[in-house]
Amino acid sequence: RQMMAQLRGEAHLVIDTSGLTPHQLRDRIREAFADAPAPEGLQVSVVSFGFKWGPPQEADLVLDVRPLPNPHYDPALRPRTGLDPEVRRYVFSEAAEPYYRALLAVAGLAAEGARAEGRAFYTVAVGCTGGRHRSVAVAERLAEELSGRFAVEVVHRDVEREG
């Protein structure tokens, strides 16, 4: 406090944060400095990645899709990505549907919780081994299905990596 006393005397605004929640502090700062109103709703980013390259640091939720069928072992599908309809059909075989539905439920509940908490952004990371097939297919489908409830963007971080 002593070190900051001079700065405090020159400040145009002093906010006592001792009794504020992080959300209240955010609102106070926004009121004082923002030119535009707070964005409405929650922006959900769905990021596909390969575990061999590490999960994204910005991830709020990491989903592991390695239990789903792996197109890497089919020579005809290996050079393609999860954006290809054939790869998507392979990944979403009948046996994969219960696992995918559970992932969708978790992602939806987590994003709803983030929205209720007042968050503006939430990142769901979807990982498979290399980040080219399963994670891409699942990220695309999650984004499609979540877009009815949230503003959603999809990023495929490792889809072009080899190795």
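Which pattern does the protein follow when read along the sequence? The pattern is α-α-β-β-α-α-β-α-β, with five helices and four strands in the protein. Helices (H or I, at least four residues) and strands (E, at least two) are DSSP runs, numbered from the N terminus. This is a predicted model, in which local features need pLDDT of at least 70 and side-chain atom pairs count only at pLDDT 80 or more, while totals for chains, interfaces and linings use all residues. Residues are numbered from 1 along each chain as its sequence is written, and side-chain values use heavy atoms, with hydrogens and water left out.

**Overall dimensions**
- The protein has a radius of gyration of 21 Å, whereas a compact globule of 163 residues would have one near 15 Å.
- That radius is taken over C-alpha atoms, and the globule rule is 2.2 Å times the number of residues to the power 0.38.
- Along the principal axes, the C-alpha atoms fill a box of roughly 70 × 30 × 25 Å.

**Pockets**
- A pocket is an open set of points on a 1 Å grid over the protein atoms alone, where a 1.4 Å probe fits, with protein on both sides within 12 Å along at least five of seven lines; lining residues have an atom within 4 Å of a point.
- The largest pocket has a volume (the space filled by probe spheres set on the points, which are joined across faces, edges and corners) of about 310 Å³.
- Its lining has 17 residues, and the closest to the pocket centre are Lys52, His72, Gly130, Arg132 and His133.
- By class, this lining has four nonpolar, seven polar and six charged residues.
- Ala, Val, Leu, Ile, Met, Phe, Trp, Tyr, Cys and Pro count as nonpolar, Asp, Glu, Lys and Arg as charged, and the others, Gly among them, as polar.
- The second largest pocket has a volume of about 160 Å³ and is lined by Arg1, Met4, Ala5, Leu7 and Arg8.
- Three residues of that second lining are nonpolar, none is polar and two are charged.

**Start of the chain**
- Met4, one of the residues lining the second largest pocket, lies in the segment before helix H1 (5-10).

**Salt bridges**
- The whole structure has 13 salt bridges (a side-chain nitrogen of Lys or Arg within 4 Å of a carboxyl oxygen of Asp or Glu).
- Glu112 forms one with Arg115, with the closest N and O atoms 2.9 Å apart.
- Both Glu112 and Arg115 lie in helix H4 (residues 97-116), three residues apart, about one turn of the helix.
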